Structures are given as structure tokens and as C-alpha cells.
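Subject: Structure handover

Hello,

Here is the structure you were expecting. My notes on what was found in it follow below.

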Amino acid sequence: MDFAGLASRLLLAACALWAGAAGAQYPEKAVRMLVGFPAGQTTDVIARMLAQELTSDLGQTFFVENKPGVGAGLAAEEVARSRPDGYTLLATSSGPLAVNGWIYKNLRYDSRSDFQPLAMIGIFPLVLVVNPASRFNSVADLVEYARQHPGAVNYASGGNGVTNHLVMEMFQQRAGVKLNHIPYKGGVAAMTDVVGGQVDVMFEVASIAEPLVRSGKLRALAVASEHRVATLANVPTIAESGYAGFRGDPWIGVVGPKDLPQPVVDKLAGEIVRIARKPQWTKRMAELGAIPQVMEPAQFGAFIGAEVERWGEAVKAANAKAE
């Protein structure tokens, strides 16, 4: 008798039974959802919304823990190194998973191999904005002036390598123009100077830009997402403004550490996807300036891989490095 083979099969069977039992009973205690940004930032707000829904639906507490630092990479690193049991998750924007690997030299995780994708929830459209007194009333105005006056147009960003910096680099490449980058230490300071007219133009997430546009403190030229934003329905996309296929938007999703038991993956992913497709959830996302875009684990994993390459090209073009 092949005792070694029999023992191996028995072990596999026991593991399968344990995994199935774990999935059926999960969650049996509180679940931590790490966020790599300070409280109040859009990713944090959506993560807290999701935690509340999961708590209600699964009967155990899901709570958000903020751990900012290293471009939100500290939270990602902790989740990558956590026990794969479903009790430590990461609610994250695109930066930690698609950008950080290109701009931080000693990053201690690999976004394509250290995580189990669970679900993508949505995207955060970026809006191209100027001061209301600006000479630019459209993307065409901006591009024409920038071509005639190379380097004369200043653009603000929240810092080297952040999303609104990289999207502007993508736009410059497509439009064949060169703008002068002025990086700030955070988006609030950058937006303040665009509102004040000290800087010409900037990309900012719709949740921040839209109230300023509606109050007349900013003018919106275009949105960088594939589709128009419901709360700024009259503002065209950059694709509609002459640059077909242009897309530059951050996104939010949930991942866990690699090697999560499949029944736990199925339960978590199924529940998150179900929540993200609720009409009330869709409405709340729209109120935050986000566009629901739901993906299940396999599709989300493939999407992350493609996003790593796409944002890598933008980082190379910008020669961006961590500050």
C-alpha cells in the first residue's frame, strides 16, 4: 500500500474540509479593513460605507483602520504580510496597487502576487479645472495656447507621482503639448492656488472639484473618465474633446492577502459585489462623485495587472520618483 500517497490524499481532503468549514462559518470575529489614507479622504469614506454594509449583512463587525504613509503603501504592506484568514483586508485606491511599485525603490510588496483580489467597486473621475477668469474655456483653448506658448502654462498637482500628476502627463503626451509642473504637498494646497488663480490648471477628483465648479470658484473643461460624470453632466470627457480613448482615473477596490481560502474569497467577493450593485449604494457613490464599476475577483485581478502597466508608462513619461 502506498502509505505516503494515502497520507497526502487524506491531508488534502482534511484541508478541503477545513476550508469549506471556514467559508461557511466566516466571519466568526471582527474584520479589520485597512485604508492607507487619513480619515475623511474619499477612499476612507467609501470604505466606511462598505464596512457598515458588511457588518449589517454578515453579522460581525467590519471596521476601518487608517494607516497612511508611503503613498498609502504601509497599509498595503501590512495586509500583504497578514495571515490569510479573511480578518485583515485592504480597501484601496489605484495608487498603492498600480503606481507605487514604479516610484518607490524599496516597496515591500508586489501588487500582482501578494494579494487576492476580491472586488472592484468604482472609479473616481478626475476633472480638468481652471480659474473662472482663465482664458481657457475648453480643452481646445488650452491645447492651442500651450502649443503656441510652450512651457507658459502651469499645472498643479498634489505631488510628484500622485494620480493627478500622472494623468496630466498622459494628457500632455496625447495632446502634444508641454506644461510646467508645479507639485504641491497635497491636493488641498494645489487646489487653493488654482482657485486663487496662481496656477493655471489642474486635474482633481470630482468629489472635490464639483462643489467648487457649482459655486463658481472653478470652471470645468473636461473629465478624464470614459463617461461623463452625473453631477457634471454638461462637462464633456477628454475623449469627446478630441482625444478618443483617453482615460485617466483612479479607482477603488478591496483585496486580501494571497492564499485566502476559496470559500472565504467567494463569500467576501459575493457580498461586496452584491452591495456595490444596490441602487441605494449606486446613488451614494454618485453623491461622492464616484462612478460605480463592479468587478469580481478574476476580472479585478486581470484589471490590476493591466493598470500596473498603464500607470507605469505614465510614471516613466513623467520621470516621477517618490518625494
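Thr42, Phe124, Pro125, Val205, Ala206, Ser207, Leu288 and Gly289 line the largest cavity. Keep in mind that this is a predicted model. The space inside the largest cavity comes to about 30 Å³, and the count gives one cavity of 30 Å³ or more. Sorted by class, five residues of the cavity lining are nonpolar, three are polar and none is charged.

The largest pocket has a volume of about 970 Å³. It is lined by 37 residues, of which Phe37, Gln41, Val162, Thr163 and Gly187 lie closest to the pocket centre. The lining divides into 16 nonpolar, 18 polar and three charged residues. Which elements supply at least two residues each of the lining of the largest pocket? They are the helices α2 (42-58), α4 (94-103), α6 (163-175) and α7 (187-195), together with strand β8 (201-205). Helix α4 gives the largest share, with five residues.

On the overall build, the chain has 11 helices and 11 strands. Its C-alpha atoms fill a box of roughly 85 × 40 × 30 Å along the principal axes. The radius of gyration is 22 Å, which agrees with the value near 20 Å for a compact globule of 323 residues.

Now the sheets. In general, strands of a sheet pair through backbone hydrogen bonds, in either the parallel or the antiparallel sense.

One open sheet has five strands in the order β7-β6-β8-β5-β9, and the pairing is mixed. Its edges are β7 (180-183) and β9 (219-223); each has a single partner strand, so one side of each is left without a neighbour in the sheet. Neighbouring strands of this sheet are turned by 30° against each other on average, ignoring direction. Within it, β5 (126-130) pairs with β8 in the antiparallel sense over five bridges. Leucine 126, for example, has valine 205 in β8 as its bridge partner, and valine 205 appears again in the lining of the largest cavity.

Two helices can be placed against this sheet. Helix α7 packs on it and touches β5, β6 (154-157) and β8, with its direction at about 135° to that of β8. Helix α8 (206-214) lies across β5, β8 and β9 and runs at about 115° to β8.

Another open sheet has six strands, ordered β2-β1-β3-β10-β4-β11, again with mixed pairing. Here β2 (62-66) and β11 (291-295) are at the edges; since each has a single partner strand, one side of each is left without a neighbour in the sheet. The twist from one strand to the next averages 25°. Strands β4 (115-123) and β10 (251-257) run antiparallel and are joined by seven bridges. Glutamine 116 stands opposite glycine 256 in β10.

Which strands does α4 lie across? Helix α4 lies across β3 (88-93), β4 and β10, running at about 70° to β3. Helix α4 is thus found in two places in these notes: against this sheet and in the lining of the largest pocket.

Regards

Technical notes
Residues are numbered from 1 along each chain as its sequence is written. This is a predicted model: local features need pLDDT of at least 70, side-chain atom pairs count only at pLDDT 80 or more; totals for chains, interfaces and linings use all residues. Side-chain values use heavy atoms; hydrogens and water are left out. On a 1 Å grid over the protein atoms alone, a cavity is a set of points where a 1.4 Å probe fits but cannot get out, and a pocket is an open set with protein on both sides within 12 Å along at least five of seven lines; lining residues have an atom within 4 Å of a point. Grid points are joined across faces, edges and corners, and a volume is the space filled by probe spheres set on the points. Helices (H or I, at least four residues) and strands (E, at least two) are DSSP runs, numbered from the N terminus. Ala, Val, Leu, Ile, Met, Phe, Trp, Tyr, Cys and Pro count as nonpolar, Asp, Glu, Lys and Arg as charged, and the others, Gly among them, as polar. Two strands pair if DSSP finds at least two bridges between them. Axes are lines fitted to C-alpha atoms, for helices over the stretch in contact, and angles run from 0 to 180 degrees between N-to-C directions. Contact means heavy atoms within 4.5 Å. The radius of gyration is taken over C-alpha atoms; the globule rule is 2.2 Å times the number of residues to the power 0.38.
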